[in-house]
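Student: Please take a close look at the loops of this predicted model, and then set them in the context of the whole chain.

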Amino acid sequence: MPAPAENMRIDGERLWDSLMEMAKIGPGVAGGNNRQTLTDADAEGRALFRRWCEAAGMTMAVDQMGNMFARREGTDPEALPVYVGSHLDTQPTGGKYDGVLGVLGGLEVIRSLNDLNIRTKHPIVVVNWTNEEGTRFAPAMLASGVFAGRHTLDWAYDRVDAAGKRFGDELERIGWKGDEPVGHRRMHAMFELHIEQGPILEAEGKDIGVVTHGQGLRWIECTITGKESHTGSTPMHMRRNAGRGLALITELVHEIAMKNQPNAVGAIGHVDVYPNSRNIIPGKVVCTVDMRTHILPKLNGMVEDFLARAPQLCEEIGVGFSAQIVGQFDPPAFDEGCVKTIRQAAERLGYSHMDIVSGAGHDACWINDVAPTAMIMCPCVDGLSHNEAEEISPEWAAAGTNVLFHAVVETAEIVE
(Lines give C-alpha, C1' and ligand atoms only; values in the text may rest on other atoms or scores of the structure.)
Protein backbone atom coordinates (compact mmCIF):
# COMPACT_ATOMS: atom_id res chain seq x y z
CA MET A 1 0.00 0.00 0.00
CA PRO A 2 1.40 3.48 -0.79
CA ALA A 3 2.74 5.56 2.07
CA PRO A 4 1.32 9.03 2.72
CA ALA A 5 3.33 11.95 1.37
CA GLU A 6 6.07 13.24 3.67
CA ASN A 7 4.51 16.71 3.83
CA MET A 8 1.19 15.45 5.24
CA ARG A 9 0.79 16.90 8.75
CA ILE A 10 -2.02 17.39 11.21
CA ASP A 11 -2.95 20.84 12.53
CA GLY A 12 -0.99 20.90 15.79
CA GLU A 13 -2.52 24.14 17.01
CA ARG A 14 -6.05 22.84 16.53
CA LEU A 15 -5.16 19.64 18.37
CA TRP A 16 -3.75 21.59 21.30
CA ASP A 17 -6.81 23.85 21.43
CA SER A 18 -9.02 20.76 21.59
CA LEU A 19 -6.97 19.30 24.44
CA MET A 20 -7.29 22.54 26.39
CA GLU A 21 -11.03 22.77 25.71
CA MET A 22 -11.64 19.21 26.93
CA ALA A 23 -9.54 19.97 30.04
CA LYS A 24 -12.11 22.56 31.09
CA ILE A 25 -14.54 19.70 31.81
CA GLY A 26 -13.98 18.09 35.19
CA PRO A 27 -11.18 20.38 36.33
CA GLY A 28 -8.95 19.21 39.15
CA VAL A 29 -7.88 21.29 42.12
CA ALA A 30 -4.28 21.71 40.94
CA GLY A 31 -4.46 22.27 37.19
CA GLY A 32 -5.28 18.77 36.02
CA ASN A 33 -8.53 16.88 35.72
CA ASN A 34 -10.98 14.87 37.80
CA ARG A 35 -13.22 13.36 35.15
CA GLN A 36 -13.76 9.92 36.59
CA THR A 37 -15.73 7.38 34.64
CA LEU A 38 -19.56 7.55 34.64
CA THR A 39 -19.65 10.85 36.52
CA ASP A 40 -21.51 13.91 35.30
CA ALA A 41 -18.17 15.30 34.12
CA ASP A 42 -17.57 12.15 32.08
CA ALA A 43 -21.00 12.58 30.49
CA GLU A 44 -20.19 16.20 29.63
CA GLY A 45 -16.84 15.26 28.08
CA ARG A 46 -18.53 12.57 26.02
CA ALA A 47 -21.12 15.02 24.74
CA LEU A 48 -18.42 17.46 23.64
CA PHE A 49 -16.55 14.67 21.85
CA ARG A 50 -19.74 13.61 20.07
CA ARG A 51 -20.41 17.18 18.91
CA TRP A 52 -16.89 17.49 17.54
CA CYS A 53 -17.15 14.15 15.74
CA GLU A 54 -20.48 14.97 14.16
CA ALA A 55 -19.14 18.38 13.07
CA ALA A 56 -16.33 16.47 11.32
CA GLY A 57 -18.92 14.45 9.37
CA MET A 58 -18.73 11.24 11.37
CA THR A 59 -21.59 9.09 12.63
CA MET A 60 -21.64 8.04 16.29
CA ALA A 61 -22.56 4.63 17.72
CA VAL A 62 -22.49 3.57 21.38
CA ASP A 63 -22.41 0.01 22.70
CA GLN A 64 -23.81 -1.47 25.91
CA MET A 65 -20.62 -0.63 27.82
CA GLY A 66 -20.77 3.01 26.75
CA ASN A 67 -17.87 2.68 24.29
CA MET A 68 -18.19 5.44 21.69
CA PHE A 69 -17.43 4.73 18.02
CA ALA A 70 -17.25 7.70 15.60
CA ARG A 71 -17.03 6.48 12.00
CA ARG A 72 -15.71 8.15 8.85
CA GLU A 73 -16.82 6.14 5.84
CA GLY A 74 -14.37 4.58 3.41
CA THR A 75 -14.88 4.07 -0.28
CA ASP A 76 -15.19 0.28 0.04
CA PRO A 77 -18.30 -0.69 2.02
CA GLU A 78 -16.91 -4.21 2.49
CA ALA A 79 -13.54 -3.11 3.92
CA LEU A 80 -13.02 -3.53 7.67
CA PRO A 81 -12.44 -0.26 9.57
CA VAL A 82 -9.17 0.98 10.99
CA TYR A 83 -9.72 1.95 14.62
CA VAL A 84 -7.90 4.66 16.52
CA GLY A 85 -8.47 5.97 20.03
CA SER A 86 -8.00 5.68 23.76
CA HIS A 87 -10.04 7.00 26.72
CA LEU A 88 -11.48 10.25 28.07
CA ASP A 89 -11.87 9.24 31.74
CA THR A 90 -9.21 10.35 34.22
CA GLN A 91 -7.82 9.57 37.63
CA PRO A 92 -9.26 11.56 40.59
CA THR A 93 -6.10 13.68 40.43
CA GLY A 94 -5.30 13.09 36.79
CA GLY A 95 -3.62 15.08 34.06
CA LYS A 96 -4.96 16.63 30.89
CA TYR A 97 -3.32 14.21 28.44
CA ASP A 98 -3.43 10.62 29.75
CA GLY A 99 -5.83 8.88 27.35
CA VAL A 100 -7.29 12.15 26.09
CA LEU A 101 -4.42 12.70 23.64
CA GLY A 102 -5.21 9.38 21.97
CA VAL A 103 -8.90 10.17 21.52
CA LEU A 104 -8.48 13.75 20.35
CA GLY A 105 -5.46 12.77 18.26
CA GLY A 106 -7.77 10.35 16.47
CA LEU A 107 -10.28 13.14 15.93
CA GLU A 108 -7.50 15.34 14.55
CA VAL A 109 -6.61 12.60 12.05
CA ILE A 110 -10.16 12.81 10.70
CA ARG A 111 -10.19 16.60 10.65
CA SER A 112 -6.90 16.64 8.76
CA LEU A 113 -8.17 14.12 6.22
CA ASN A 114 -11.17 16.40 5.68
CA ASP A 115 -8.90 19.43 5.27
CA LEU A 116 -6.83 17.62 2.65
CA ASN A 117 -9.88 16.10 0.95
CA ILE A 118 -8.36 12.63 1.25
CA ARG A 119 -10.51 9.51 1.00
CA THR A 120 -9.50 6.09 2.26
CA LYS A 121 -10.56 2.63 1.16
CA HIS A 122 -11.17 1.48 4.72
CA PRO A 123 -13.47 3.35 7.09
CA ILE A 124 -11.75 4.95 10.08
CA VAL A 125 -13.37 4.76 13.51
CA VAL A 126 -12.32 6.96 16.45
CA VAL A 127 -13.12 5.24 19.74
CA ASN A 128 -13.47 6.35 23.37
CA TRP A 129 -13.19 3.26 25.58
CA THR A 130 -15.16 3.41 28.84
CA ASN A 131 -13.43 3.12 32.24
CA GLU A 132 -9.85 2.61 31.18
CA GLU A 133 -8.52 4.00 34.46
CA GLY A 134 -10.38 1.58 36.74
CA THR A 135 -10.16 3.99 39.68
CA ARG A 136 -13.84 4.27 40.44
CA PHE A 137 -14.80 0.83 39.13
CA ALA A 138 -12.08 -1.84 39.21
CA PRO A 139 -10.52 -3.32 37.18
CA ALA A 140 -8.82 -1.01 34.72
CA MET A 141 -9.54 -1.32 30.98
CA LEU A 142 -12.97 -2.67 31.90
CA ALA A 143 -14.94 -1.93 28.73
CA SER A 144 -12.20 -2.91 26.29
CA GLY A 145 -11.87 -6.08 28.37
CA VAL A 146 -15.54 -6.87 27.78
CA PHE A 147 -15.10 -6.05 24.08
CA ALA A 148 -12.18 -8.50 23.83
CA GLY A 149 -13.97 -11.23 25.78
CA ARG A 150 -11.87 -10.98 28.92
CA HIS A 151 -14.93 -10.13 31.04
CA THR A 152 -18.64 -10.73 30.67
CA LEU A 153 -21.08 -7.86 30.34
CA ASP A 154 -23.06 -8.87 33.44
CA TRP A 155 -19.88 -9.12 35.52
CA ALA A 156 -18.84 -5.63 34.40
CA TYR A 157 -22.28 -4.18 35.18
CA ASP A 158 -22.02 -5.56 38.72
CA ARG A 159 -18.75 -3.76 39.57
CA VAL A 160 -19.32 -1.29 42.41
CA ASP A 161 -17.56 1.89 43.48
CA ALA A 162 -16.60 2.91 47.03
CA ALA A 163 -20.14 4.19 47.60
CA GLY A 164 -21.66 0.88 46.52
CA LYS A 165 -23.00 2.19 43.19
CA ARG A 166 -23.14 -0.34 40.33
CA PHE A 167 -21.36 0.30 37.06
CA GLY A 168 -24.43 -0.66 35.05
CA ASP A 169 -26.69 1.68 37.02
CA GLU A 170 -24.31 4.62 36.71
CA LEU A 171 -23.83 4.05 32.98
CA GLU A 172 -27.58 4.25 32.55
CA ARG A 173 -27.88 7.25 34.88
CA ILE A 174 -25.51 9.43 32.82
CA GLY A 175 -27.30 8.46 29.60
CA TRP A 176 -24.48 6.66 27.80
CA LYS A 177 -25.66 3.06 27.81
CA GLY A 178 -26.01 2.16 24.14
CA ASP A 179 -27.87 -0.66 22.41
CA GLU A 180 -25.06 -2.12 20.34
CA PRO A 181 -23.80 -5.52 21.57
CA VAL A 182 -20.26 -5.35 22.93
CA GLY A 183 -17.49 -6.96 20.91
CA HIS A 184 -19.39 -7.69 17.70
CA ARG A 185 -17.30 -5.24 15.68
CA ARG A 186 -14.52 -6.56 13.47
CA MET A 187 -11.37 -4.49 12.98
CA HIS A 188 -8.79 -4.24 10.24
CA ALA A 189 -6.35 -2.82 12.80
CA MET A 190 -6.22 -0.50 15.81
CA PHE A 191 -3.72 2.19 16.79
CA GLU A 192 -3.52 3.92 20.16
CA LEU A 193 -1.53 7.09 20.82
CA HIS A 194 -0.62 7.73 24.46
CA ILE A 195 1.78 9.68 26.59
CA GLU A 196 4.60 7.49 27.85
CA GLN A 197 3.79 7.88 31.57
CA GLY A 198 7.46 7.25 32.22
CA PRO A 199 10.79 9.11 31.87
CA ILE A 200 12.58 7.10 29.18
CA LEU A 201 11.73 9.04 26.00
CA GLU A 202 12.50 12.42 27.54
CA ALA A 203 15.75 11.14 29.08
CA GLU A 204 16.86 9.65 25.75
CA GLY A 205 15.84 12.76 23.81
CA LYS A 206 13.46 10.82 21.54
CA ASP A 207 10.32 12.24 19.94
CA ILE A 208 8.48 8.95 19.50
CA GLY A 209 8.23 5.65 21.32
CA VAL A 210 7.41 2.70 19.06
CA VAL A 211 5.68 0.33 21.47
CA THR A 212 6.58 -3.29 20.73
CA HIS A 213 5.16 -4.91 23.87
CA GLY A 214 2.99 -4.20 26.86
CA GLN A 215 4.02 -5.36 30.27
CA GLY A 216 2.43 -8.34 31.90
CA LEU A 217 1.15 -7.74 35.39
CA ARG A 218 0.50 -9.61 38.62
CA TRP A 219 -1.22 -7.98 41.60
CA ILE A 220 -0.68 -10.05 44.73
CA GLU A 221 -2.80 -9.11 47.77
CA CYS A 222 -0.94 -10.06 50.93
CA THR A 223 -2.23 -10.30 54.49
CA ILE A 224 0.32 -10.16 57.32
CA THR A 225 -1.10 -11.17 60.70
CA GLY A 226 0.53 -10.25 64.00
CA LYS A 227 -0.82 -9.25 67.40
CA GLU A 228 -2.06 -5.84 68.46
CA SER A 229 -0.35 -4.61 71.62
CA HIS A 230 0.78 -1.39 73.28
CA THR A 231 3.77 0.28 71.64
CA GLY A 232 5.09 1.53 74.96
CA SER A 233 4.67 -1.42 77.28
CA THR A 234 5.32 -4.46 75.04
CA PRO A 235 8.97 -5.62 75.22
CA MET A 236 10.69 -5.73 71.86
CA HIS A 237 11.40 -9.47 71.99
CA MET A 238 7.72 -10.22 72.70
CA ARG A 239 6.22 -8.31 69.79
CA ARG A 240 4.43 -9.81 66.79
CA ASN A 241 4.61 -6.71 64.62
CA ALA A 242 2.74 -6.96 61.30
CA GLY A 243 4.25 -3.60 60.34
CA ARG A 244 7.71 -5.11 60.50
CA GLY A 245 6.52 -7.87 58.20
CA LEU A 246 5.41 -5.19 55.75
CA ALA A 247 8.87 -3.63 55.86
CA LEU A 248 10.58 -6.96 55.13
CA ILE A 249 8.20 -7.74 52.28
CA THR A 250 8.67 -4.27 50.79
CA GLU A 251 12.41 -4.86 50.62
CA LEU A 252 11.86 -8.36 49.21
CA VAL A 253 9.78 -6.98 46.33
CA HIS A 254 12.49 -4.43 45.54
CA GLU A 255 15.21 -7.09 45.68
CA ILE A 256 13.35 -9.43 43.32
CA ALA A 257 12.70 -6.65 40.81
CA MET A 258 16.34 -5.55 40.85
CA LYS A 259 17.52 -9.14 40.45
CA ASN A 260 15.44 -9.44 37.27
CA GLN A 261 16.69 -6.34 35.46
CA PRO A 262 16.34 -5.07 32.81
CA ASN A 263 12.67 -4.38 32.12
CA ALA A 264 11.21 -5.65 35.38
CA VAL A 265 9.56 -3.59 38.12
CA GLY A 266 7.94 -4.22 41.46
CA ALA A 267 6.50 -2.21 44.32
CA ILE A 268 3.84 -2.16 47.00
CA GLY A 269 1.37 0.56 46.08
CA HIS A 270 -1.58 -0.07 48.40
CA VAL A 271 -1.37 -0.62 52.18
CA ASP A 272 -4.00 -0.87 54.91
CA VAL A 273 -2.69 -1.05 58.47
CA TYR A 274 -4.90 -2.20 61.37
CA PRO A 275 -5.83 -0.68 63.70
CA ASN A 276 -3.71 2.24 62.42
CA SER A 277 -3.31 3.91 65.79
CA ARG A 278 -0.23 5.78 66.99
CA ASN A 279 0.30 3.72 70.12
CA ILE A 280 -0.74 0.25 68.94
CA ILE A 281 1.62 -2.20 67.28
CA PRO A 282 -0.09 -3.26 64.03
CA GLY A 283 -1.96 -6.54 64.34
CA LYS A 284 -2.69 -6.84 60.65
CA VAL A 285 -1.47 -5.35 57.38
CA VAL A 286 -3.10 -5.86 53.99
CA CYS A 287 -1.00 -4.74 51.03
CA THR A 288 -0.87 -5.27 47.27
CA VAL A 289 2.34 -6.15 45.46
CA ASP A 290 2.53 -4.99 41.82
CA MET A 291 5.03 -6.90 39.64
CA ARG A 292 5.46 -6.27 35.91
CA THR A 293 7.63 -7.24 32.96
CA HIS A 294 7.04 -7.96 29.28
CA ILE A 295 8.71 -11.39 29.46
CA LEU A 296 6.25 -14.01 30.68
CA PRO A 297 8.71 -16.59 32.11
CA LYS A 298 10.47 -13.80 34.00
CA LEU A 299 7.16 -12.53 35.39
CA ASN A 300 6.10 -15.98 36.55
CA GLY A 301 9.52 -16.52 38.10
CA MET A 302 9.31 -13.26 40.04
CA VAL A 303 5.94 -14.25 41.47
CA GLU A 304 7.15 -17.75 42.38
CA ASP A 305 10.22 -16.30 44.11
CA PHE A 306 8.09 -13.88 46.11
CA LEU A 307 5.50 -16.46 47.18
CA ALA A 308 8.28 -18.82 48.29
CA ARG A 309 10.28 -16.31 50.34
CA ALA A 310 7.66 -13.97 51.84
CA PRO A 311 6.14 -16.60 54.19
CA GLN A 312 9.61 -17.51 55.44
CA LEU A 313 10.49 -13.90 56.24
CA CYS A 314 7.25 -13.47 58.17
CA GLU A 315 7.64 -16.73 60.03
CA GLU A 316 11.09 -15.70 61.24
CA ILE A 317 9.62 -12.67 63.06
CA GLY A 318 6.55 -14.48 64.39
CA VAL A 319 3.85 -13.14 62.06
CA GLY A 320 1.56 -14.97 59.66
CA PHE A 321 1.41 -14.51 55.91
CA SER A 322 -1.17 -15.33 53.24
CA ALA A 323 -1.52 -14.14 49.64
CA GLN A 324 -3.77 -14.33 46.61
CA ILE A 325 -3.43 -13.01 43.06
CA VAL A 326 -6.18 -10.41 42.58
CA GLY A 327 -5.22 -9.02 39.17
CA GLN A 328 -3.24 -10.38 36.25
CA PHE A 329 -2.66 -10.29 32.54
CA ASP A 330 0.10 -11.75 30.43
CA PRO A 331 2.38 -9.44 28.42
CA PRO A 332 1.01 -8.64 24.96
CA ALA A 333 3.31 -8.51 21.93
CA PHE A 334 1.86 -5.97 19.51
CA ASP A 335 1.33 -6.79 15.85
CA GLU A 336 4.63 -6.71 13.97
CA GLY A 337 3.06 -5.22 10.85
CA CYS A 338 1.43 -2.35 12.76
CA VAL A 339 4.64 -1.75 14.71
CA LYS A 340 6.62 -1.58 11.47
CA THR A 341 4.11 0.89 10.00
CA ILE A 342 4.57 3.17 13.03
CA ARG A 343 8.36 2.94 12.90
CA GLN A 344 8.43 3.75 9.18
CA ALA A 345 6.05 6.67 9.71
CA ALA A 346 8.38 8.16 12.33
CA GLU A 347 11.35 7.77 10.00
CA ARG A 348 9.47 9.23 7.02
CA LEU A 349 8.50 12.28 9.08
CA GLY A 350 12.05 12.76 10.41
CA TYR A 351 11.28 12.14 14.08
CA SER A 352 13.79 10.52 16.40
CA HIS A 353 12.37 7.31 17.81
CA MET A 354 13.12 4.17 19.80
CA ASP A 355 11.43 0.89 20.56
CA ILE A 356 9.83 0.88 23.99
CA VAL A 357 7.81 -1.40 26.28
CA SER A 358 4.69 0.12 27.80
CA GLY A 359 5.01 0.22 31.56
CA ALA A 360 1.26 0.67 32.05
CA GLY A 361 -1.80 -1.21 30.90
CA HIS A 362 -3.83 0.26 28.04
CA ASP A 363 -6.98 -0.59 26.09
CA ALA A 364 -4.73 -1.62 23.21
CA CYS A 365 -3.44 -4.49 25.36
CA TRP A 366 -6.91 -6.10 25.34
CA ILE A 367 -7.79 -5.19 21.75
CA ASN A 368 -4.55 -6.90 20.74
CA ASP A 369 -6.39 -10.16 21.51
CA VAL A 370 -8.91 -9.62 18.72
CA ALA A 371 -7.23 -7.43 16.07
CA PRO A 372 -3.78 -6.33 14.83
CA THR A 373 -2.87 -3.56 17.26
CA ALA A 374 0.02 -1.27 18.13
CA MET A 375 0.78 1.84 20.16
CA ILE A 376 2.63 5.12 19.71
CA MET A 377 4.02 7.07 22.65
CA CYS A 378 5.21 10.63 23.08
CA PRO A 379 7.29 11.92 26.00
CA CYS A 380 5.87 13.52 29.12
CA VAL A 381 7.79 15.89 31.40
CA ASP A 382 9.78 14.01 34.06
CA GLY A 383 7.75 10.90 33.23
CA LEU A 384 4.99 12.19 35.49
CA SER A 385 1.45 10.88 35.04
CA HIS A 386 -1.59 10.07 37.19
CA ASN A 387 -0.83 13.45 38.69
CA GLU A 388 -2.36 16.87 38.05
CA ALA A 389 1.12 18.18 37.23
CA GLU A 390 1.32 15.84 34.20
CA GLU A 391 2.63 17.86 31.25
CA ILE A 392 3.60 17.47 27.60
CA SER A 393 4.57 20.05 24.99
CA PRO A 394 2.48 21.02 21.95
CA GLU A 395 5.39 19.82 19.82
CA TRP A 396 5.36 16.36 21.42
CA ALA A 397 1.60 16.12 20.98
CA ALA A 398 1.86 17.11 17.31
CA ALA A 399 4.73 14.69 16.62
CA GLY A 400 2.87 11.74 18.11
CA THR A 401 -0.31 12.63 16.25
CA ASN A 402 1.55 13.07 12.96
CA VAL A 403 2.95 9.56 13.31
CA LEU A 404 -0.55 8.34 14.19
CA PHE A 405 -1.91 10.16 11.12
CA HIS A 406 0.54 8.47 8.78
CA ALA A 407 0.14 5.00 10.33
CA VAL A 408 -3.66 5.14 10.23
CA VAL A 409 -3.88 6.59 6.71
CA GLU A 410 -1.36 4.11 5.30
CA THR A 411 -3.28 1.21 6.88
CA ALA A 412 -6.64 2.58 5.73
CA GLU A 413 -5.21 3.01 2.18
CA ILE A 414 -5.48 6.32 0.37
CA VAL A 415 -7.78 6.29 -2.65
CA GLU A 416 -6.21 8.22 -5.53
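Tutor: Helices, of type H or I with at least four residues, and strands, of type E with at least two, are DSSP runs numbered from the N terminus. With that convention, Pro-275 falls in the loop between β10 and β11, the latter covering residues 280–281. Tyr-274 and Pro-275 are joined by a cis peptide bond, with omega about 0°. A cis peptide bond also joins Ala-138 and Pro-139, where omega is about 5°. Pro-139 belongs to the loop between β5 (124–128) and α4 (142–147). As a general matter, most peptide bonds are trans, and most residues other than glycine have a negative phi.

The second half of that statement leads to His-386. Its phi is near 55°, a positive value in a residue other than glycine. His-386 sits in the loop between β15 (373–378) and α12 (394–412). An unreviewed UniProt entry also marks the residue, listing Asp-98, Glu-133 and His-386 under "binding site". Those three span 289 residues in sequence, yet no two of their C-alpha atoms are more than 9.6 Å apart, so they gather at one spot.

A further "binding site" feature in the unreviewed UniProt entry comprises His-87, Asp-98 and His-194. This set spans 108 residues in sequence, but no two of its C-alpha atoms are more than 9.7 Å apart, so it too gathers at one spot. Asp-98 is named in both features. The loop that holds Asp-98 runs between β3 and α3, and His-87 is placed in the loop between β3 (82–86) and α3 (100–116).

From these loops one may turn to the regular elements. Strand β10, residues 264–274, contains Ile-268. Leaving aside residues up to four places away in sequence, Ile-268 touches Leu-246, Ile-249, Thr-250, Val-253, Cys-287, Thr-288 and Val-289. Measured against none of these but against Leu-19, the C-alpha of Ile-268 is 33 Å away in space, with the two positions 249 residues apart in sequence numbering. Among the 21 salt bridges found in the whole structure, one pairs the side chains of Arg-173 and Asp-40 at 2.9 Å, N to O. Arg-173 is part of helix α6 (residues 167–173) and Asp-40 of helix α2 (residues 40–55), so this pair ties together parts that are 133 residues apart in sequence.

At the level of the chain, the domain assignment gives domain 1 as 12–214 + 332–415 and domain 2 as 216–329. The centres of domain 1 and domain 2, taken over C-alpha atoms, are separated by 35 Å. In the interface, 9 residues of domain 1 are in contact with 4 residues of domain 2. The two domains bury about 540 Å² between them, 71% of it on carbon and sulfur atoms. On the side of domain 1, Gly-214, Val-357 and Trp-366 lose the most area to domain 2, together 43% of what that side buries. The rule finds 0 salt bridges across this interface and 1 residue pair in polar contact. The residues on the side of domain 1 that touches domain 2 divide into 4 nonpolar, 4 polar and 1 charged.

Terms used. Residues are numbered from 1 along each chain as its sequence is written. This is a predicted model: local features need pLDDT of at least 70, side-chain atom pairs count only at pLDDT 80 or more; totals for chains, interfaces and linings use all residues. Side-chain values use heavy atoms; hydrogens and water are left out. Domain bounds come from an automatic or database domain assignment. Contact means heavy atoms within 4.5 Å. Buried area is the accessible area (1.4 Å probe) that two parts lose on being put together, summed over both. A salt bridge is a side-chain nitrogen of Lys or Arg within 4 Å of a carboxyl oxygen of Asp or Glu. A polar contact is a pair of N or O atoms within 3.5 Å; within protein, one must be able to donate a hydrogen and the other to accept it, and residues adjacent in sequence count only if both atoms are side-chain atoms. Ala, Val, Leu, Ile, Met, Phe, Trp, Tyr, Cys and Pro count as nonpolar, Asp, Glu, Lys and Arg as charged, and the others, Gly among them, as polar. UniProt positions are given in the numbering used here, feature names are shortened, and annotations may be inferred rather than shown by experiment.
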